[in-house]
Amino acid sequence: MKKTINPFVWYCMALLFTVFVGCKKSSVDDETATVYLRVMNDTDNNVPNNILSGPFSVKALPNTSNTNFDGVERVADFGTIEVGETSAYKAVSNMFLIEINGDSFREDGFGISAPPSTKWTMKIRSIQESEGGNYIYGWDLSADL
């Protein structure tokens with residue numbers, strides 16, 4: 001006796017295959033996804049000896065010297081941001097440096113990636129001078145889920 005597979009089983013297998021292939025192609029690929037950043041001027045937080053206050057201008061520049069840099073160079077000019085305000089989202093490189101009023105903010109730079117999100121918010125809070133002429137930078141970078 002020859003056994004045949006029930007047409008319903010064939011239908012279910014085809015449906016599962018289609019769903020699997022569809023989900024695989026639509027997932028966010030962190031190698032190619034464009035990431036977006038917005039910046040908030042959060043200097044109104046009563047940090048003692050805060051050098052940074054009032055409105056400031058912000059730029060994100062690609063950090064091409066970082067070993068994790070993906071090769072896509074994007075420069076984002078967020079313009080002047082008032083205290084308590086947040087800029088619009090701008091496309092940035094996966095590894096980037098921040099300039100505030102033309103000066104470097106945290107020399108190491110920052111990095112973001114598509115998982116867990118393609119949209120991120122950076123809150124810039126403070127710059128404080130510490131002993132020896134070094135600086136302490138107050139900031140928060142979080143994914144917008």
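This report takes a quick tour of a predicted model, covering its largest pocket and two buried residues, Phe96 and Asn63.

## The largest pocket

Let's start with the pocket. The largest pocket has a volume of about 160 Å³. Around it you'll find Ile51, Leu52, Ile100, Asn101, Asp103, Ser104, Ile127, Tyr135 and Tyr137. Sorted by class, that lining comes out as six nonpolar residues, two polar ones and one charged one.

Two strands are worth picking out here: S6 (103-111) and S8 (135-143) each give at least two residues to the lining of the largest pocket.

## Phe96 and its neighbours

Next up is Phe96, which sits in strand S5 (residues 95-100). Its relative accessible area is 1%, and since anything under 20% counts as buried, Phe96 is buried.

Who does Phe96 touch, leaving aside residues up to four places away in sequence? The contacts are Leu37, Ala60, Leu61, Pro62, Asn63, Gly109, Phe110, Gly111, Ile112 and Met122. Take Gly111: 15 residues separate Phe96 and Gly111 along the chain, yet their C-alpha atoms are 6.3 Å apart.

## Asn63 in its loop

Asn63, one of the residues touched by Phe96, lies in the loop between strand S2 (56-62) and strand S3 (76-81). Is Asn63 buried or exposed? Asn63 counts as buried, because its relative accessibility is 6%.

The side chain of Asn63 makes a polar contact of 3.0 Å with the side chain of Ser65. Not counting residues up to four places away in sequence, Asn63 also touches Phe69, Met95, Phe96, Leu97, Asp108 and Gly109.

Technical notes
Residues numbered from 1 in each chain as written. Predicted model: local features only at pLDDT ≥ 70, side-chain atom pairs only at ≥ 80, totals over all residues. Heavy atoms only, no water. 1 Å grid on protein atoms, 1.4 Å probe; cavity = no way out; pocket = protein on both sides within 12 Å on 5 of 7 lines; lining within 4 Å. Points joined across faces, edges and corners; volume = space filled by probe spheres on them. Helix = DSSP H or I, 4+ residues; strand = E, 2+ residues; numbered from the N terminus. Nonpolar A, V, L, I, M, F, W, Y, C, P; charged D, E, K, R; others polar. Buried < 20%, exposed > 50% of the residue type's maximum accessible area, 1.4 Å probe, protein only. Contact = heavy atoms within 4.5 Å. Polar contact = N/O pair within 3.5 Å; in protein donor to acceptor, adjacent residues only side chain to side chain.
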